[in-house]
Amino acid sequence: MGKLYDELCKDYRFKEGLHTCINCGTCTAICPAAEFYKYDPRKILDTIQRKDEAAIEALLKSDTIWYCGECMSCVTRCPRKNGAGLVIMALRNLSAKLGYFTYSEKGRQLYPLTKALNYNVLNLGYCVHPSTFVFEDHPESGPVFKWVLEHKEDVYARLGANFGKEGPGALRKIPQEDLDELKAIYDETGATERIETVEKYSLAKAEEMGMTPDEYLKYTFTHCSKGHFNNE
Amino acid sequence: MDFGFSLSPSSAIDLDKVDLSLYRRLEQTVPDIRNCIACGSCSATCMAADYSGMSVRKLILNLQRGADVKKMLSCCMLCGKCTMVCPRGINTRKLILDVCRYYSDEKV
Amino acid sequence: MIYQGKQKIWSDYQKEIPDNHWFYVRSCIRQSFFPASEGHFVKIVRDLLGKDLYETPHHTTCGGIAYHSDTIPQETAMTIVARQFSLMKEAGYKNLVTSCITSFGNYTEILETWREFPELETRIREHLWKACRREFDKPEYVAHASDVVYKLRNEIAEKAKFRLVNHETGEPLRIVEHIGCHYSKMFPHKGVGGAEYPCVLSGMVESWGGKVIDYPERRHCCGFGFRQYLVKANRGYSVSNTHKKFESMEPFHPDLIITNCPGCPYFLDRWQYVISEQTGKTYGQNGHGIPALTYEELAGLVLGYDPWDLGLQIHQVGPEPLLDKMGIAYDPARKYLGLDEKDIMKPGLPTVLKCC
Amino acid sequence: MKESVVIIGGGIAGLEAASQLLALGLSPVIVEKSDHLGGHVAEWYRLFPDLSPAQELVSRLVSSASGARIYLETEISRINALKDGYSATLNNGDVLFCKAVLVCTGFHLFDAAKKEEYGYGIYDRVITNRDLEHWFGGLEDARIPDNPRAVGFVHCVGSRDVKAGNTQCSKVCCMTAIKQAIELKEKFPEAEVYCFYMDLRLFGKKYEDFYISAQRDYGIHFIRGRVSEVSEDIDGRLLVKAEDTLSGKPLKVRLDLLVLMAGMVCSPQTGRIASMVRADVDDDGFLRSRDNIYSIVESGRKGIFFAGACTGTKTVPETVAEARAAALSAFRYIKEKA
């Protein structure tokens, strides 16, 4: 057994997600990603169960592992109790840890995701929050939500939310003492370190690509090359 | 309005919609084509496979799924090794030639 | 379709749902996009039906979206959840109710993983102690808020002012259900009705007079896919999956879609707008879309709450055709008003999709 | 007086064993819980690989076992070990004394409704291999349309499935699917017929010939991928999804009829009978033979023998051969003891 495979084996999601794969394809048949992307979860499980280090490393550096939407539809159908989606989570975790995610376009998106989501969690106590939801980044949220964002205070007050205020209720302000606890959890459980790792590798990649951190952030958030989708 | 992304067509094979005209024609001229068991002996022995992705197994599969096979065929050297190794005795060489003929007829 | 066949399966997946004393944790997405849904859940359960539902201002996100976007390690997600358990213990509750499906899946998966790997639970207890000086008990029950509404569906039906029936023809409304993937796909026995034919939403629909429509892509994901929506470059995946669902349900002419995941109604709503802008196609009648509602909104309509109090104005697909069918009176002039009739202007209109 | 052997189960194994025991000069007693002899085979239409009528085989076995005492609609309540044999108490109050007991309890057809994603019992046009066989035999079945354009067969339903609790291969389904696909194609020559398989396990005499014929003469399509989901469209047709694993792409097709090849699982009575005769049950739920190479028909216990699918999935010829072997083993056991 090789080093990468051993690392994967330490991940509980891997332990739960890969027993033995029979290559039947029930996962791929209903996978939302397989229908549009060049993606076949069956092949990923088969590659890993071969324990071929070079193939695993190639996967960790590839776009392939970032196509999954973690809907876990595959888990319901596998006759061998595998979960391709769980294995993907373990692969992504390892790719992030080793900095391999910067080798692929879809992997590099971990930078904007890490920045935005963890900012929200640590500063607001929410994963998603209207105060950091920028319409220009979300034109699909529609004219109605453009209006909501322009009149946040009024609309949320009209809808009975406790927007930005103390006490319980929707969109309440989460007390600083609780945010401090979240930060302490991040420090204790490796999330802070993960954020730093992603930042370090991403900034090195940005430099290599000749971009400032902001340009890189915007580029990785918006850029989609041809070739990911099956019809391309 | 440009949203920065767009709909992608499904790549799932829809058996109700595949065009089998070429396959149906070949079933007449090379009836053995139906007997393929996808064992891959042909691809394993193919001289062009390593360099070009040529594979009679995939050729037959693509024909059954109505997919394009032109590109793959251009690399075949008609050496006939695949015919020798096929456990189901498919006349793969004739199959390839007939496919080529179909495409050249089409051009005319 | 053989209805009795489904009933047989439902009987195999009858989940135990406690009937009172819940500790409520909110959803990041539902608060942002459907704040009135959570408000009405509390109102219906607590005020109307007189149950005990407790919320502490100290609870936070469960971190589920950050976790499923692969930006935090598994142990971080587990410790955040352990902290919520600790708050529940402090408040003296044992029944956890989550507003979010991602959270529900997250809580369920964590408890199952701990059951299988007890050493991991021990480690999380250490983490939580070191980070927050907190201890926790595991909940006795974890339910999704839709489980609670399912449980209370007949009580709601008794107090209903409207039924899911076309008031002119008397025909039941044709309703499509969409279950969040993380509700029961991972652990079929944790969802009412299992994973293949969940009845948590169909049970509400039937109890309130509607007719559930099954269509081929019923079980397919809405296409959120976490990073596949959150990163702009990937949204082609997200909209393509919703598109697939709409193409599949179109011939059935549904009157509305009911959902239990907070993200799904947002996507099923907004992607109709995007599809209409990009392809010119709409899926409802006369250029309208098909309203995609939360179960709280639907319960609210049935109970006779004002559509604009329920927040139906912040859907991109206009609810008016549905309200007309149900015979629910509404004041178009008040649709976009703020508190105390305050004028806060109106949203712009889409190019294609008819909104009122 | 002739030495007696109690045979539990009047399927083909029990009948053949009885007929052999009669020929060997013993006195067999068959105890059958249902109202007919011949078990599953009696409900079948034609048997592979000769396509001979199943009823013919059953009639022949019944007639050659006619010298045996036969109890129908009777179950064993208790079995006691005696000094030189066993006594079996029946639920009608009779007590049978015998030198040996032969367990021929067979298998149970997997309940296809348990594979919820295939919609058996929910979608109107989903049937099982048994339903189709009944229809071939002349029974009406409203689920089978008059002129199907496309028909699918799903292999491995409830077999090779950890979640369904059955890891074993049911052995006969691949061949049965091909047989039934050909029979169906003969009735509906215009229909496209698809077999969804994971591996084609065609190990027996003439099986591979059937496979070649299915491909060459009938144009039946074989798709390597386990069906993942079935749903019903507005026109009542089924939408079936699998991965075409040879292409590495999701695949869908609309069908007018889907046949689920329900596999063999151990009979629900197996555990009860096993505890009565104090035999062991194997990990797969079937009875555990003394060994699986030389002594399949022997239990670990004196005077207790097995034949047929009670020890694992079997074909008809295997079952018949085992029944003979078990009869001979029981005969030798009784004679050596005497």
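**Entry 1: helix α7 of chain C**

I started with helix α7 of chain C, residues 118–132, in this predicted model. I counted 15 residues in the helix. From first C-alpha to last, α7(C) reaches 21 Å, close to the 21 Å expected at 1.5 Å a residue.

Next I asked myself: which residues of α7(C) are buried? I found Ile124(C), His127(C), Leu128(C), Ala131(C) and Cys132(C). They lie on the same side of α7(C), because they cover an arc of only 95 degrees around the axis.

I then turned to the face pointing away from that buried side, and there I noted the exposed residues Pro118(C), Glu119(C), Thr122(C) and Glu126(C). For the cover over the buried residues, I found that it includes α13 (176–189) of chain A together with α5 of chain C. Just after the helix, I spotted Arg133(C) with a positive phi of about 55 degrees.

**Entry 2: where chain C meets its neighbours**

I looked up the contact between chains C and A, which takes 77 residues from chain C and 75 residues from chain A. On the chain C side, helix α5 (residues 74–91) gives the largest share, 6 residues. By class, I sorted that side into 34 nonpolar, 29 polar and 14 charged residues.

Then I checked chain C against chain D: 15 residues of chain C are in contact with 12 residues of chain D. Here the chain C side has 7 nonpolar, 2 polar and 6 charged residues.

**Entry 3: a look at chain A**

I paused on chain A itself and listed 15 helices and 0 strands. Its C-alpha trace spans about 55 × 40 × 40 Å along the principal axes. Of the 232 residues in chain A, 53% are buried. I also looked at contacts in chain A with a separation of 6 or more, and 62% of these join residues 24 or more positions apart.

**Entry 4: the two domains of chain D**

I moved on to chain D, which is divided into domain 1 (4–106 + 267–337) and domain 2 (112–264). Taken over C-alpha atoms, their centres are 32 Å apart. How many residues of each domain are in contact with the other? I noted 11 from domain 1 and 20 from domain 2. The domain 1 side of that contact has 5 nonpolar, 3 polar and 3 charged residues.

**Entry 5: helix α7 of chain D**

I checked the length of helix α7 of chain D, residues 316–337. Its 22 residues should span 32 Å at 1.5 Å a residue, and the end C-alpha atoms are 31 Å apart, which agrees. Its buried residues include Val316(D), Val320(D), Ala323(D), Ala326(D), Ala327(D), Phe331(D) and Ile334(D). I also saw Thr319(D) and Glu322(D) among the buried ones. The buried residues pack against β1 (4–8), α1 (12–23), β3 (46–47), β9 (100–103) and β20 (304–306) of chain D.

**Entry 6: the nonpolar cores**

I finished with the cores. The largest nonpolar core has 300 residues, and Val87(A), Ala17(D), Val101(D), Leu102(D), Val103(D) and Leu260(D) have the most contacts inside it. Helix α8 of chain A, residues 84–98, gives this core its largest share, 9 residues.

I picked Ala17(D) for a closer look. Not counting residues up to four places away in sequence, Ala17(D) touches Ile7(D), Pro28(D), Leu102(D), Cys104(D), Ala307(D), Ala323(D), Ala326(D) and Ala327(D). Apart from the largest core lies another of 20 residues, among them Ile33(B), Met54(B), Cys76(B) and Ile90(B).

How values were computed: Residues are numbered from 1 along each chain as its sequence is written. Chains are lettered from A and ligands numbered from 1 in the order in which they are written. This is a predicted model: local features need pLDDT of at least 70, side-chain atom pairs count only at pLDDT 80 or more; totals for chains, interfaces and linings use all residues. Domain bounds come from an automatic or database domain assignment. Two residues are in contact if their C-beta atoms, placed from the backbone, lie within 7 Å. Ala, Val, Leu, Ile, Met, Phe, Trp, Tyr, Cys and Pro count as nonpolar, Asp, Glu, Lys and Arg as charged, and the others, Gly among them, as polar. Helices (H or I, at least four residues) and strands (E, at least two) are DSSP runs, numbered from the N terminus. The expected span of a helix is 1.5 Å times one less than its number of residues. A residue is buried if 20 or more other C-beta atoms lie within 10 Å of its own, exposed if 12 or fewer, and partly exposed in between; C-beta atoms are placed from the backbone. The arc is that of the directions from the helix axis to the C-beta atoms. A nonpolar core is a set of buried Ala, Val, Leu, Ile, Met, Phe, Trp, Tyr and Cys residues joined through C-beta atoms within 7 Å.
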